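Q: Got a minute to go through this one with me? I'd like a quick tour before I set anything up.

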Amino acid sequence: MAWKVMTMASDDAVLVLNGTDDVAVARRKLLPGEVITTAHGPLTVLDVIPLGHKIALHDVAETAPVTKYGYQIGVALQPITAGQHVHVHNLVFSAHHKPKVSDLDHAAWTPPAVPERTTFMGVRRNDGTTATRNYIAVLSTVNCSANVCEIVANEATRRGLLDDYPNVDGVIPLVHGLGCGMATSALDLLQRTLAGFATHPNVSGVIVIGLGCEVNQVDLMIKQIHTRRGVAQERMTIQQTGGTRATVEAALDGIKKMLPSVNDSFVRTQRPVSELVLGLNCGGSDGLSGLTANPALGYASDLIVAQGGRSVLAETPEIYGAESLLVHRSTSEETSRRLMDKIAWWEDYTSKLGATMDANPSPGNKAGGITTILEKSLGAVAKSGHAPLQAVYDYAANIDRPGLGFMDTPGYDPVSVTGLLAGGANLICFTTGRGSALGTAPAPTLKLATNNALAARMAEDMDINCGPIFSDGVPVAEKGLEIYNALLDLASGTPSNSESLGYGRNEFQPWHIGVVM
């Protein structure tokens, strides 16, 4: 697999990931004139090579494929000389091998040994789901009621409504820019997303607020929300309730009525790891993402899956070029076909909009050493570990199968994570190399730094530093076990750094597909 990184001493100048690779990764800043040692022999550095960036191991002809991780990441835009910096100036996106849906590897998966710790402190709900947090959600059906929902949540805090209810984590506004001027297909997607949040195991009370004349009518929205038994629910529209101030007060009265039952229903008990639903995500990736945090998270994911838990990879544009790694691990042709159908939809979607799949790597990604989407995807898939792929989910669909799954989402972090949470993820783990500012609610996010510099620079935002995998030769499995234990702590109520900083309200971003009417 692409992310089985070769172990090298920390004083080596470069890391060669696969014996067939055309490039190596700089372990430190390399300067012109340096002579470094590689498995191919001495190599003279010709350019400044920043840490995490690529250096050519040998000459590459113009238009020839360039490989990293043992896979093609693009083609040479011009002749490349051994020792040169390989990046956007001389490497470009190219076509890549597309697997067949029948390319399944039926070899048995050998899961990692189950660690000593196999439980966490959570709350088993009466519908069989398990909660890691406990919130009241104030949900807007349309952008026109978003301000009122925000005011309600702020007023609940300002007035101290939660002061006597220690088991309630907060009142969260779920607001968005949609809900009117929408075609039917887009409305269906929005309603599925909103309903997923309203029925999330971490939500024990729901206030639904509409304007009154929108496409996404409150009564239509309520029909999509099948909350578990005992979940308190209030509904209202601004137009019928008497305007902004009257609606705010009516919503606050509803929250006051809910609070005793919401508080009393949340009593943590020891729960098995099989009840975890982990969403995997990344943002602000760099050249070390696929070498440190992503494979370490993949190991933690495998530990959860090995015990019957659910773990879900997402961000379809960021598996482009690495889809064969998931197809080979699919448990059926139906699963691999669904995955390839999602890829084909994205190719068609971007083409119709005059874009390409290679538009994904951001300026920050490129500054961190990632050149093409093919390279980025090979590192991103590492978050999924090595477990078999059991299911492919539509955006915001219920994550209902044990094992590893994949959800079709955009690569844009807030939209992607919103889909995972709507599907029922009760934990999110997020890797970043540049320093993404993201946290989520109602389920919390654990943040992993891919490199030492980021971990030091944004220490209050990052929960775990995976940089020592690259700098000091720390085994991926050792760091993966650290992540696993931190996830169990998080599930048990220990706040993540992003939680403590107050993140989670603005990351609710439903995916909008289609025209604005």
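A: Sure, let's take confidence, sheets, backbone oddities and empty space in turn.

Q: What's the mean pLDDT, and how much of the protein reaches 70 or more?
A: This is a predicted model, and its mean pLDDT is 94, with 98% of the residues at 70 or more.

Q: Where does pLDDT stay under 50?
A: Over residues 5-10. In the model that stretch still has 16 contacts beyond four places in sequence.

Q: OK, sheets. What's the strand order in the open sheet of seven strands?
A: Going across, the order is β19-β20-β18-β17-β21-β22-β23, and the pairing is parallel. At the edges you find β19 (389-393) and β23 (464-465), each paired on one side only.

Q: How many bridges link β17 and β18?
A: Three, in the parallel sense, between β17 (residues 277-282) and β18 (residues 310-313). If you want a pair to click on, Val 277 has Arg 310 in β18 as its bridge partner.

Q: And which strands does helix α8 touch?
A: Helix α8 (residues 333-352) packs on the sheet against β19 and β20. Its direction makes about 40 degrees with that of β19.

Q: What about α6, which strands does that one lie across?
A: Helix α6 (residues 293-306) lies across β17, β18, β20 (403-407), β21 (427-432) and β22 (445-449). Relative to β21, α6 runs at about 160 degrees.

Q: Moving on: what's the order in the open sheet of four strands?
A: That one reads β13-β12-β14-β15, with parallel pairing. β13 (170-174) and β15 (232-237) each have a single partner strand, so one side of each is left without a neighbour in the sheet.

Q: By how much are neighbouring strands of this sheet turned against each other on average?
A: By 15 degrees, direction ignored.

Q: Which helix packs on the sheet there, touching β12, β13, β14 and β15?
A: That's α5, residues 244-264. Its direction makes about 165 degrees with that of β14.

Q: How many bridges do β12 and β14 share?
A: Six, with β12 (residues 135-140) and β14 (residues 203-210) paired in the parallel sense. One of the bridges puts Ile 136 with Gly 205 in β14.

Q: Now the pairing of β6 and β7: parallel or antiparallel?
A: Antiparallel, over four bridges, with β7 covering residues 71-76. Pro 65 stands opposite Val 75 in β7. The two strands form a hairpin with two residues between them, and Tyr 69 in the turn has a positive phi of about 65 degrees.

Q: I also want to check Thr 63. What's its phi?
A: Positive, about 75 degrees, although Thr 63 is not a glycine. You'll find Thr 63 in the loop between β5 (54-56) and β6 (65-68).

Q: Which residues does the cis peptide bond join?
A: Ala 441 and Pro 442, with omega about 15 degrees. Pro 442 is in the loop between β21 and β22.

Q: Last topic, empty space. How many cavities of 30 Å³ or more are there?
A: One. Its volume is about 70 Å³.

Q: What lines that cavity?
A: There are 14 lining residues, and Asp 286, Gly 290, Ile 370, Lys 376 and Gly 379 lie nearest the centre. Helix α10 (residues 373-380) supplies the largest share, four residues. Sorted by class, the lining has four nonpolar, six polar and four charged residues.

Q: And how much space is in the second largest pocket?
A: About 550 Å³. That pocket is lined by 30 residues, with Thr 199, Asn 398, Ala 422, Gly 423 and Gly 424 closest to its centre.

Q: Which helix gives the most to that lining?
A: Helix α2 (residues 184-198), with five residues. By class, the lining of this second largest pocket comes out as seven nonpolar, 15 polar and eight charged.

Conventions:
Residues numbered from 1 in each chain as written. Predicted model: local features only at pLDDT ≥ 70, side-chain atom pairs only at ≥ 80, totals over all residues. Heavy atoms only, no water. 1 Å grid on protein atoms, 1.4 Å probe; cavity = no way out; pocket = protein on both sides within 12 Å on 5 of 7 lines; lining within 4 Å. Points joined across faces, edges and corners; volume = space filled by probe spheres on them. Nonpolar A, V, L, I, M, F, W, Y, C, P; charged D, E, K, R; others polar. Pairing = 2+ DSSP bridges. Contact = heavy atoms within 4.5 Å. Axes fitted to C-alpha atoms, helices over the stretch in contact; angles between N-to-C directions. pLDDT = per-residue confidence, 0-100.
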